[in-house]
Amino acid sequence: MVSNSLAKTLKTSPLEFDYQATTPCCAEVVAAMEPYWSDCCGNPSSRQSRAGLMASSVVSLARDQLAACLKINPERLIFTSGATEANNLALLGHARARAIELGRPGHLITLRTEHRAVLDPLQQLQREGFRLTEIGPDSEGLISTAQLLDAFEDDTILVSVMVANNEIGVVQPIGDLARACRDRGVTFHTDAAQGFGHLSLEPDGLGLDLVSLSGHKFYGPKGIGALVIRSGIPIVPLHWGGGQEQGLRPGTIPVPLVVGFAKAAEMAIQDLDSRQQRLLKLRNQLWEGLTSQLPDLILNGSWLHRLPNNLNFSVPGVNGNCLHQDLRAYLACSSGSACTNGKPSHVLMALGRTRGEASASLRMSLGRETSISDVQQAILAIVNVVRKLRKTY
Ligand SMILES: Cc1ncc(COP(=O)(O)O)c(C=O)c1O
């Protein structure tokens, strides 16, 4: 346990450093959604009623708003329940459509450090007869165009590489990777759940064919996301029903969530540069403060090609379970992805970390609310817990 004096210094509730797991829905987003829960609760597919027509035009407006943030035609947006569903629709839907065209399954490429919401659908496709290459990143978590070119086979149909990693925040050169794919007629998908709203992201400027988005990663509501589809990219649906979303995602459109999603996107891009500068400064102060007292911390992932709000490091010489248990009262952060069920991180293992290093790791992600005082308190808590565990007091 940490000393009483430290306990008094720290806030009573744990400091929030887990904004990559999710973000709170911001007040403006909640206010924008408010009328559509009960007062204006029409079904956008019921065009015979006034309420339905109104709901339909609200959805149209939100679609336009989100499309403007991405600088794309609104018809290219398919609303889904989040990035997991968007990834499934992109990967399963496109690979199966191409297999129908070609008369056989083809070859797929991804990165070993992708989120499970990409790896699992790709592994499902493997069970359906597709071949899958999982490229290992370099020790910084990056993949190069040369590595991708090496992995191409004659019948490669689809490549999926995320914009920014959810654990180590590493930002991939997706523009270059997408260009290499376009030159060879291969479809490029990217999971932008951790990228959009945190980095400038224009699908057309980058040459992206399929892009998955998630609302709750940038202060929007949970349960809403989207798939951006470049025109001409074939997709077969995964579900059948009322034909909504061009038949690709049937089911009643959740009007309040769509409104909140679009509002959050608009807000996220409005002050993107200044917010990222502020977070970068705080994140750097966090790392400098930690390493000045614990110089042997191991940074996980590239320092240069990284989201400004992410820090991920391993703590040598301590047990991972003890580290997380002792920190829990002071700090809400993560040992990896929010969705990996306590196994050692496949991302950190792919970077060459040992199981011990992977489990004694902290992912700290900063958000709009993070202050310099939070950073200072987090440094104090981590340094004290680590020294205690190492018995170096
Ligand atoms: C990179 C990445 N992809 C997909 C997801 C899943 O997103 P959603 O919760 O919207 O399904 C997450 C969430 O943790 C993520 O970080």
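The shell around the ligand is a mixed bunch: six nonpolar residues, seven polar and one charged. In this predicted model, 14 residues surround the ligand, and the closest are Gly-82, Ala-83, Thr-84, Asn-166 and Ser-214.

Stepping back to the whole protein, the domain assignment gives two domains. Domain 1 is made of two stretches, 4–17 and 271–390, while domain 2 covers 27–270. As for how they sit relative to each other, their C-alpha centres lie 29 Å apart. The domains do touch: 21 residues of domain 1 are in contact with 24 residues of domain 2. On the domain 1 side, strand E10 (310–314) and helix H12 (346–350) are the elements that give two or more residues to this contact. That side of domain 1 divides into twelve polar residues, six nonpolar and three charged.

Now for the interior. In soluble globular proteins, nonpolar side chains tend to be buried together. Here, the largest nonpolar core has 83 residues. Those with the most contacts inside this core are Leu-66, Val-159, Ala-226, Leu-227, Val-228, Val-258 and Val-259. The top contributor is helix H9 (residues 255–270), which supplies ten residues. Both domain 1 and domain 2 give residues to this core, so it lies between them. To get a feel for the packing, take Val-258: leaving aside residues up to four places away in sequence, Val-258 touches Val-59, Ala-62, Phe-79, Ile-224 and Ile-253. There is also a second, separate core, this one of 25 residues, with Leu-15, Leu-279, Leu-290 and Ala-378 among them.

Three of the best-connected residues of the largest core, Ala-226, Leu-227 and Val-228, bring strand E8 into view. Five of the five residues of E8 (residues 225–229) are buried, so this strand is largely enclosed by the rest of the structure. Which residues of E8 point one way, and which the other? Gly-225, Leu-227 and Ile-229 point one way, Ala-226 and Val-228 point the other way, and all are buried.

E8 also has strand partners. Strand E2 (residues 77–80) runs antiparallel to E8 and is joined to it by four bridges; within this pairing, Thr-80 has Gly-225 as its bridge partner. Strand E7 (residues 210–214) is antiparallel to E8 too, with five bridges joining them, and here the bridge partner of Leu-210 is Ile-229. The residue numbers of E7 run up to 214, and Ser-214 brings the account back to where it started, as one of the closest residues to the ligand.

Methods. Residues numbered from 1 in each chain as written. Predicted model: local features only at pLDDT ≥ 70, side-chain atom pairs only at ≥ 80, totals over all residues. Near = placed C-beta within 6 Å. Nonpolar A, V, L, I, M, F, W, Y, C, P; charged D, E, K, R; others polar. Domains from an automatic or database assignment. Contact = placed C-beta atoms within 7 Å. Core = buried A, V, L, I, M, F, W, Y, C linked by C-beta atoms within 7 Å. Buried ≥ 20, exposed ≤ 12 C-beta atoms within 10 Å, placed from the backbone. Pairing = 2+ DSSP bridges.
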